[in-house]
Amino acid sequence: MSSESVEDELSAPSDFLSRMRHTTTHVMAQAVNEIFPDAKLGIGPVIENGFYYDFDLPRSLTPDDLEEIERRMTRIVKEDLKLNRFVEPREVARQRCENMGQSYKVQLIDDLPEGEEISFFQQGDFIDLCRGPHIESTGRIGAFKLMSVAGAYWRGSEKNPMLQRIYGTAFQKKSQLESYLEMLEEAKKRDHKVLGKQLGLFMNSSLIGPGLPLWLPNGAIVRRTLERFIQDVEIERGYEHVYTPVLAHKNLYEVSGHWEHYKDGMFPVMEIDGEEFVLRPMNCPHHIQIFKNELRSYRELPVRYAELGTMYRWEKSGELSGLSRVRAMTLSDAHIFCSEDQVKDEVKAAILMIEDAYRRLGITEYRYRLSLHDPKNTEKYVDNPELWSKAEGELREVFAELDMPYYEGVGEAAFYGPKIDIQLKNVLGREETVSTVQVDRHLPNQFELEFIGEDGKRHRPVMIHRGYLSTMERMISFLIEHYAGAFPVWLAPEQVRILSIADRHNEWCEALAKRMNALGLRVKVDARSEKTGKKIAEAQIRKIPYMLIVGDRDIENGTVSVRVREKGDIGPRPVDEFIADLKAEADARGLPDHPIASV
RNA sequence: GCCGACGUGGCUCAGUGGUAGAGCAGCUGUUUCGUAAACAGCAGGUCACCGGUUCGAAUCCGGUCGUCGGCUCCA
């Protein structure tokens, strides 16, 4: 992280927008410096949709300060100051920063590799250590806006002092800035926390506790439907399901190594009658005990145990968020026990299974990360260089053999082994880990797992940890945002709402709903004495895929007037035909082709 | 956990020291209506919690809890 930040600070991309944003961040620093002459500067890189700069200031910034800074920035832009670049020898540069009291900049210089050119940029009186590149003058900066203030640790480490980070963005044209801000507003409406409330999917109770969400009936339908899908696919693909408890002796996790490496992520020990229990933060040790329950033959392998495993992790309070970061979660987990020569095939099969699910869910924006350990961090990772290099090499081979592109993330591995993480892009363009496949030779050692080989001798199996569709919490928070709450038919809590035109149609509507319910379709009737327009508006807000409007004409002709969520009124359809089409669409368990709407 | 902001009926939000408000939702009644919100009435709030300042606190101050945006961490 620290080396990357230095990198960010000193080598911004060179296209005009990036250079302009980089210059804007300098203008911001200049403005802050005017208000706080003693401000110490951290780093000020360009990021995906803008920029930030970190400051060490005598007091914390308020929203009013941001306005003041913006005003000063506007003035600096108007002054149209030229940016001058100059280079200095290391010692001179270092002395300059020290004289300016810029201790963080001194640290940056000290960390620059030998022989690196050390450059400064100056506009007006303001001088800043920076590699650039910049635009030629502040006057060429277009529309900008400061977005927020946040605390950020110097160099990203909790051990370092916390600086104040100001986030901002800039565009060449005002209209571009405006449409970006509009886009953020739109994204807010897709926020799963907002939609979760609006659609009655989940809630939190401060009495129950933060990070412990409660699934409301509608959310429970989405979850159950997804869980059934997961289990059905797993059965098809040769997994066996098990159920294991969420508590275990602390000792289990001492053997596994979790206690040593993962203690901070666990709820504290419960002690009773001299026994120590913990809530499990992972399911693997439980599945391992099942593997060990009998003597295994190579003929049985691979053994694949799957479970929607509920677990508890002590997430720090500031990390919690809606359904995506929680303390109680259920992972679509599985552990594959196999022989050395089965590893790569099993990893590949798991990846292909995950890709197939994404296709059905309509998820296309993702990339593979090979998550490697950090050899320098022996505290976080099991210290066994041979195992690491073997497993990491193996996963690279898998990518090569599948001909799949990927990138590597050092320091992203699990404590026991490297991972293939599938990184999804969420609505805000941020990546989150959803599915994961991990190769592990550590836990089999810890628990002394064995199977009898063809040669009659004992061999150690390899374990593959496979998180299929993440935790139900994170996956569904992702899907809510991905679909903007408009779930495809197979996942929609309420698939159809029947709207009666007048009270006299209610009985017929109820009978129709009953008939569809009997086929496993989720149908409700809006039998209130409200105007049709109002019933439509409400069903639309609830994002129900189909509305069936029923009045005299329909009852007479045996039709329903179909209104499709995305398309509006598509006119009357024979009842039997609609039901058959809907049933087919729901059973397909995939993105809708909209057979009904396509007519 | 750290930095910052915020917390007012079920929901969305007004209200900056002087008797707690609106819209939607809810309930009751009227309306029976064909593709995005009929009309009227009623009810609903220890202004997150605890303490302080003040003749008087939703409003000012302190603390606690919770939420949000970041940092760190992560499925």
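**Exercise 1. A residue in a loop**

Find out how open Glu 450 is to its surroundings, and say where Glu 450 sits in the chain.

*Solution.* Start with the number: Glu 450 has a relative accessible area of 30%, so Glu 450 is partly exposed. The class follows from two cut-offs, because buried means under 20% and exposed means over 50%, with partly exposed in between. Keep in mind as you work that this is a predicted model. Next, look for the place: Glu 450 belongs to the loop that runs between helix H14 (442-446) and strand S21 (451-452). As a last step, compare sequence and space. Glu 450 and Asn 204 are 246 residues apart along the chain, and their C-alpha atoms are separated by 44 Å.

**Exercise 2. The whole chain**

Describe chain A by its helices and strands, its extent and its share of buried residues.

*Solution.* Begin with the elements: chain A holds 19 helices and 28 strands. Then take the extent, where the C-alpha trace spans about 85 × 75 × 55 Å along its principal axes. Finish with burial: of the 599 residues in chain A, 52% are buried.

**Exercise 3. A helix and its surroundings**

Work out why helix H15 (residues 472-482) is described as largely enclosed by the rest of the structure.

*Solution.* First count: ten of the eleven residues of H15 are buried, and therefore the helix is largely enclosed by the rest of the structure. Now put names to them. The buried residues are Met 472, Glu 473, Arg 474, Met 475, Ile 476, Ser 477, Phe 478, Leu 479, Ile 480 and Glu 481. Then step past the end of the helix: just after H15, Ala 484 takes a positive phi of about 50 degrees.

For another buried residue, turn to Ile 76 in helix H3 (residues 63-79). Its relative accessibility is 0%, so Ile 76 counts as buried. Ile 76 and Tyr 407 are 331 residues apart in sequence, and 41 Å apart in space from C-alpha to C-alpha.

**Exercise 4. Two pairs of helices**

Classify the packing of H4 with H5, and then that of H12 with H13.

*Solution.* A pair of packed helices is described by two things: the angle between the axes and the distance between them. Take helix H4 (residues 90-99) and helix H5 (residues 103-111) to begin with. Their axes are 8 Å apart, and the helices pack at an angle of about 165 degrees. Angles over 145 degrees count as roughly antiparallel, so H4 and H5 are roughly antiparallel to each other. Their crossing is left-handed.

Now for helix H12 (residues 343-361) and H13. The axes come within 10 Å and cross at roughly 60 degrees. That angle makes H12 oblique to H13. As for handedness, H12 passes H13 in a right-handed crossing.

**Exercise 5. Backbone angles in loops**

Locate Asp 273 and Asp 403, and decide whether each is buried or exposed. Then find the peptide bond between Leu 301 and Pro 302, and give its form.

*Solution.* Asp 273 is in the loop between strand S13 (270-272) and strand S14 (275-279). Its phi is near 50 degrees, a positive value in a residue other than glycine. With a relative accessible area of 77%, Asp 273 is exposed.

Repeat the steps for Asp 403, which lies in the loop between H13 and strand S18 (406-410). Here phi is near 55 degrees, again a positive value in a residue other than glycine. Asp 403 is exposed, as its relative accessible area is 68%.

The last part is about omega: Leu 301 and Pro 302 are joined by a cis peptide bond, with omega at about -5 degrees. Pro 302 is in the loop between helix H11 (284-291) and strand S15 (303-312).

**Exercise 6. The largest cavity**

Say how many cavities of 30 Å³ or more there are, and describe the lining of the largest cavity.

*Solution.* The count is two cavities of 30 Å³ or more. The largest cavity has about 80 Å³ of space. Among the residues that line it are Val 382, Trp 388, Tyr 416, Asp 440 and His 442. Two elements, helix H13 (385-402) and strand S20 (431-440), each give two or more residues to this lining. H13 makes the largest contribution, with three residues. Sorted by class, the lining has seven nonpolar, three polar and two charged residues.

Notes. Residues numbered from 1 in each chain as written. Chains lettered and ligands numbered in written order. Predicted model: local features only at pLDDT ≥ 70, side-chain atom pairs only at ≥ 80, totals over all residues. Heavy atoms only, no water. 1 Å grid on protein atoms, 1.4 Å probe; cavity = no way out; pocket = protein on both sides within 12 Å on 5 of 7 lines; lining within 4 Å. Points joined across faces, edges and corners; volume = space filled by probe spheres on them. Helix = DSSP H or I, 4+ residues; strand = E, 2+ residues; numbered from the N terminus. Nonpolar A, V, L, I, M, F, W, Y, C, P; charged D, E, K, R; others polar. Buried < 20%, exposed > 50% of the residue type's maximum accessible area, 1.4 Å probe, protein only. Axes fitted to C-alpha atoms, helices over the stretch in contact; angles between N-to-C directions. Parallel < 35°, antiparallel > 145°, perpendicular 65-115°, else oblique. Left-handed = near helix turned anticlockwise from the far one by under 90°.
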